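Biologist: I would like to learn how to read a model like this one, feature by feature. Could you take me through it?

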Amino acid sequence: MSTSTSVRPEPAGVVAQHPSIRTLAVIALALGGFGIGTTEFVAMGLLPEMGSSLGITEPTAGHIISAYALGVVVGAPLIAALTARVPRKTLLIALMAAFTIGNAATVLAPNYGVLMAARFVAGLPHGAYFGVAALVAAHLAERGQRAKAVALVMMGLSVANVVGVPAASWLGQNLGWRSAFALVAVIGLVTLAAIRSWLPPLAAMRMTNPLTELGALRRPQVWMTLIIGMVGFGGMFAVYTYISTTLTDVAGLSRSLVPLALMIYGLGMVAGNLIGGRLADRALIPGLFVSMTALGVLLAIFVFASHNPYTALVLVFGVGAAGASMVPGLQTRLMDVAADAQTLAASLNHAALNIANAFGAWIGGVVIAAGYGYTAPAAVGALLAVAGLMMLTIAVAMERRSAPAAR
């Protein structure tokens, strides 16, 4: 039993919302996640077009991905702390407006410098949006279904990999890369209208202040949960970053089928989100152990399964599902251990996952450059999952040791 001071959202009886109102609210929040997921991942497939259009090399164009990730890492804690007193619905509208403006600026960027700035701005609201949206979804959820509600909001991010990214990529390749981000800006506008119309006033949600929110940084369990995400989730990104070349050069898959493989990965993420939400509602810590163990085992198997196109595609689905199943549990865990600094803690989760993205891609590139081949990132990823399990074990032991003192 957790002994940390925990501020849990009021049960549904306090929120007193009709189920249809809760459903529309979650759909509106998930729509924002769909737009964010689309803009985050579509740039990876359009780097050649962007580089050619702006007269820069593809590696240089790749810096726009780093600019977006930097915006996420900077914006998550900064916005969460500075907007602690802002009503949650107003904040969500403001965050989605900033996201829409950043993507509109991407469409209109006349040169590389402006494009970099536009991507940084588009990334700023990413972490804070997901953090606040998760808290709102949990606040509106029925008793015992907090993690499921959080998972449904995160579902927008997973569905983006199945529908949004392929659609935006097709637009970008056929109508110019700017059309892909124009689609994202339109999604942002639709989300703004949906949040304004479908989200209830949320007057019962507690407000805090910047100092209270910053108090999350003094809590060891907050840091442990973030480290678990950065290390454990990094294993999935070590494989995903190089998945296209792995499937073509190792598994022998036709390059024309790579988009299908990425959709299979996205479907795995959708399934993982649903499974992870149910696991976290039933038993949070055991659920995280199950998800991370599954990820480690599947990554280890992928080292061998990646030599056959059929087994490789099965494992691509499994890795996507296992990785995504961790997210609802990590998000809910942060909400439990952050006490009254939940907004900052929940937002930091997505900053941590973006660091995992960068770290996993980097370490995967290191082992490939060292000559170990394109199966090596999966082996390293399995080791990272084991390291995440060790950190989770340490976190649980720390919490248990602190229980007598807390009592």
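Biologist: Let me begin with charged side chains. Which residue forms a salt bridge with Glu399, and how far apart are the closest N and O atoms?

Modeller: Keep in mind that this is a predicted model. To read a salt bridge, look for the closest nitrogen and oxygen atoms of the two side chains. Here Arg333 is the partner of Glu399, with 3.3 Å between the closest N and O atoms. Arg333 belongs to helix H15 (residues 309–337) and Glu399 to helix H17 (residues 376–406), so the pair ties together parts that are 66 residues apart in sequence. The structure holds one salt bridge.

Biologist: Are Arg333 and Glu399 buried or exposed?

Modeller: Both Arg333 and Glu399 are buried.

Biologist: Next, the rings. How many aromatic pairs does a search of the whole structure find?

Modeller: The search finds six aromatic pairs. For each pair, read the distance between ring centres and then the angle between the planes. Tyr129 and Phe130 give 6.0 Å centre to centre and 75° between the planes, an edge-to-face pair. Since buried means under 20% relative accessible area, Tyr129 counts as buried because its value is 1%, and Phe130 is buried too, with a value of 0%.

Another edge-to-face pair is Phe233 with Phe237, at 5.3 Å centre to centre and 65° between the planes.

Biologist: Where do Phe233 and Phe237 lie?

Modeller: Both are in helix H11 (residues 220–240), four residues apart, about one turn of the helix. The general idea is that an α-helix has 3.6 residues a turn, so residues three or four places apart point the same way. Phe233 and Phe237 are both buried.

Biologist: And which residues do ring pairs link into a cluster?

Modeller: That cluster is made of Phe41, Tyr240 and Tyr265.

Biologist: How do I check the length of a helix? What should the 30 residues of H8 span at 1.5 Å a residue?

Modeller: Compare the expected span with the distance between the end C-alpha atoms. For helix H8 (residues 146–175) the expected span is 44 Å, and the end C-alpha atoms are 42 Å apart, which agrees. Then look along the axis: H8 bends by about 55° at Ala160. Just after H8 comes Gly176, with a positive phi of about 100°.

Biologist: Let me try H5 in the same way. How far does H5 reach from its first C-alpha to its last?

Modeller: H5 has 20 residues and reaches 28 Å, close to the 28 Å expected at 1.5 Å a residue. H5 also bends, by about 35° at Gly75, and a proline, Pro77, follows within four residues.

Biologist: Which residues of H5 are buried?

Modeller: The buried residues include Ile64, Tyr68, Val72 and Ile79, as well as Gly75, the site of the bend. There is a nonpolar patch on the surface to look at as well: Leu70, Val74, Leu78 and Leu82 form it, with about 370 Å² of accessible area together. Leu78 is placed in H5 (residues 63–82). With a relative accessible area of 47%, Leu78 is partly exposed.

Biologist: Last topic: sequence distance against distance in space. What separates the C-alpha atoms of Ile93 and Thr191?

Modeller: Read the two separations side by side. Ile93 and Thr191 are 98 residues apart along the chain, and their C-alpha atoms are separated by 8.7 Å. Ile93 sits in helix H6 (residues 88–108) and, at 24% relative accessibility, counts as partly exposed.

Gly235 gives another case: Gly235 and Gly323 are 88 residues apart in sequence and 8.7 Å apart in space, C-alpha to C-alpha. Gly235 is in helix H11, and at 0% relative accessibility it counts as buried.

Biologist: And how far apart are the C-alpha atoms of Ala216 and Ser254?

Modeller: They are separated by 48 Å, with their positions 38 residues apart along the chain. Ala216 is in the loop between helix H10 (210–214) and H11, and its relative accessibility of 0% makes it buried. For Thr293 and Ala370, 77 residues apart along the chain, the C-alpha separation is 27 Å. Thr293 lies in helix H14 (residues 284–305) and is partly exposed at 37% relative accessibility.

How values were computed: Residues are numbered from 1 along each chain as its sequence is written. This is a predicted model: local features need pLDDT of at least 70, side-chain atom pairs count only at pLDDT 80 or more; totals for chains, interfaces and linings use all residues. Side-chain values use heavy atoms; hydrogens and water are left out. Rings of Phe, Tyr and Trp (its six-membered ring) pair if their centres lie within 6.5 Å; planes under 30 degrees apart count as stacked, over 60 as edge-to-face and the rest as tilted. Buried means under 20% relative accessible area, exposed over 50%, partly exposed in between (1.4 Å probe, protein chains only). Helices (H or I, at least four residues) and strands (E, at least two) are DSSP runs, numbered from the N terminus. The expected span of a helix is 1.5 Å times one less than its number of residues. The bend at a residue is the angle between axes fitted to the seven residues ending there and the seven starting there. A salt bridge is a side-chain nitrogen of Lys or Arg within 4 Å of a carboxyl oxygen of Asp or Glu. Patches are made of residues with over 30% relative accessible area and no salt bridge: like charges are joined within 9 Å, nonpolar side chains (Val, Leu, Ile, Met, Phe, Trp, Tyr) within 5 Å. Accessible areas come from the Shrake-Rupley method with a 1.4 Å probe; for residues, only the protein chains shown count as cover.
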